[in-house]
Amino acid sequence: MGDDINGLHHVGHVVQDMNQAMERYRRLGFTVPAPAYPVLPRVVGGPAEPFGVANTHVYFPRNFIELVAVIDDTGRMPGEARPIPLQVPDDKLPGLMAAIRATAANITSLLQRFQGLHIMIADTPDIDSVAARLTAADVSHGGVHAIQRPVETSTGTKMEPARYLEISHPHLPAGRVPEGRIGFAENTPVEALADEQHTDHPNGATGLVECVLCVADSALPELEHRYGTYFGQARDGQVTRFDRANITIVAASALASLLPGERPVALPAFVAYTVSVRDIAATEQLLRDNDIPVTHTGTGEMFVPANAALGTAIIFRQDD
């Protein structure tokens, strides 16, 4: 179990204000391209308008961090935003509009819990095998969906195919579990991002290597069992690690030992993610020069507290 997983595909940071998020991430030393947003007519024959959610990606060679914001009713977008026209036959427009509205409502509900990390997607080379495995284990999911996502390359923006599935939890809307949205994606990131721009970061970041989930102590056994079904065998210790998916689960009572000073506003919650960097000393100097507060984990690694990074702690780890 779990042999069909290659680590993290991406994590999603849901933010209230895309302009603020881009500015903060750039101060953190990440290269952040202009956000993309869908444009389509809301009714057949109408003018194309911004609609749904806008996002941008902090790219690494094998995975990425997604920044997500809901487009408000006025359609206001950041000045740098890139429109992505969606082409759809007239008879398919109502269905697409309904799907986009559902996605926007889902993101809004996550933001109402708190601004921060709500999305965790594992990478897989064989999503059909994952779907079959989850079905056999009686894990509810929405099936495999094919999409196209915008990717910036040296020759301009192109749409890359991707396939994904999201896990559902009883008594919650489709595609939701108590901690947010989790699932799997297949789009061979190494090939898809080989020509991608913006993978060089001033802070020296080289990859997304971990996601940290905090849970109430009483709920820990159930969540460990659930994630074991999703991602395979766990490695136990002071915290529980699902190494194939690069997920760490920590009980609320142990969070202070792992991330001193952090206090999640809701449980369960993704409270942090970790990026590897080429030179940790240079990264720390850049952060301090940019007036970003830094502290240290219980094991001595450097991290930026959640209150300085729009609701999620960011751990920086020396690349091996």
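**Exercise 1. Find the side-chain partner of arginine 176, then describe the surroundings of this arginine.**

Start with the contact itself: the side chains of arginine 176 and serine 109 are joined by a polar contact of 2.8 Å. Keep in mind that you're looking at a predicted model.

Next, place the residue. Arginine 176 sits in the loop between strand 9 (156-166) and strand 10 (181-186).

Is it buried or exposed? Arginine 176 has a relative accessible area of 9%, and buried means under 20%, so it counts as buried.

Now look at what surrounds it. Leaving aside neighbours within four places in sequence, arginine 176 is in contact with Asn106, Ser109, Leu110, Ile167, Ser168, His169 and Arg181. Take Leu110 from that list: 66 residues separate leucine 110 and arginine 176 along the chain, while their C-alpha atoms are 9.6 Å apart.

**Exercise 2. Do the same for arginine 226, beginning with its place in the fold.**

Arginine 226 belongs to helix 5. That helix covers residues 220-231 and lies across strand 11 (205-215), strand 12, strand 13 (247-251) and strand 14. Against strand 13, helix 5 runs at about 170°.

Then check the burial: with a relative accessible area of 8%, arginine 226 is buried.

Finish with the partners. Not counting residues up to four places away in sequence, arginine 226 touches His169, Val177, Pro178 and Glu179. With glutamate 179 there is a polar contact between side chains, at 3.0 Å.

**Exercise 3. Work out which side of helix 1 faces inward, and what it packs against.**

List the buried residues first: in helix 1 (18-27) they are Met18, Ala21, Met22, Arg24 and Tyr25. These residues cover an arc of only 165° around the axis, so they lie on the same side of helix 1.

What do these buried residues pack against? The answer is strand 1 (8-14), strand 4 (53-59), strand 5 (64-70), strand 14 and strand 17.

Now look at the two ends. At the start of helix 1, a side-chain oxygen of aspartate 17 comes to within 2.9 Å of the backbone nitrogen of asparagine 19. Just after the helix, glycine 29 has a positive phi of about 95°.

**Exercise 4. Repeat the analysis for helix 7.**

Helix 7 takes in residues 280-289, and its buried residues are Thr283, Leu286 and Leu287. They span an arc of only 100° around the axis, which means they're on the same side of helix 7. Turn the helix around, and the face away from the buried side shows you the exposed residues Ala281 and Asp289.

The buried residues pack against helix 1, strand 14 (269-277), strand 16 (302-304) and strand 17 (313-318).

For the ends, begin with aspartate 279: one of its side-chain oxygens reaches to within 3.1 Å of the backbone nitrogen of alanine 281, at the start of helix 7. After the helix comes aspartate 291, with a positive phi near 60°.

**Exercise 5. Trace the open sheet that contains strand 17.**

Read off the order: seven strands line up as 12-13-11-14-17-16-15, with mixed pairing. Which strands are at the edges? They are strand 12 (240-242) and strand 15 (295-296), each of which pairs on one side only.

Zoom in on one pair. Strand 16 and strand 17 are antiparallel and share three bridges. For methionine 302, the bridge partner in strand 17 is phenylalanine 316.

**Exercise 6. Sort the residues of strand 6 by face, then find a parallel partner strand.**

Here's the idea to use: in a regular strand the side chains alternate between the two faces of the sheet. In strand 6 (residues 82-85), Arg82 and Ile84 make up the covered face, while Pro83 and Pro85 make up the uncovered one.

For the partner, go to strand 2 (residues 36-41), which runs parallel to strand 6 and is joined to it by four bridges. One residue pair to look up is valine 39 and its bridge partner in strand 6, proline 85.

**Exercise 7. Count the disulfides, and check the burial of cysteines 211 and 214.**

The test is a pair of cysteine sulfur atoms within 2.5 Å, and it gives zero disulfides. As for burial, cysteine 211 is buried at a relative accessible area of 0%, and cysteine 214 is buried with a value of 0%.

Definitions and conventions
Residues are numbered from 1 along each chain as its sequence is written. This is a predicted model: local features need pLDDT of at least 70, side-chain atom pairs count only at pLDDT 80 or more; totals for chains, interfaces and linings use all residues. Side-chain values use heavy atoms; hydrogens and water are left out. Buried means under 20% relative accessible area, exposed over 50%, partly exposed in between (1.4 Å probe, protein chains only). Helices (H or I, at least four residues) and strands (E, at least two) are DSSP runs, numbered from the N terminus. The arc is that of the directions from the helix axis to the C-beta atoms. Contact means heavy atoms within 4.5 Å. A polar contact is a pair of N or O atoms within 3.5 Å; within protein, one must be able to donate a hydrogen and the other to accept it, and residues adjacent in sequence count only if both atoms are side-chain atoms. Two strands pair if DSSP finds at least two bridges between them. Axes are lines fitted to C-alpha atoms, for helices over the stretch in contact, and angles run from 0 to 180 degrees between N-to-C directions.
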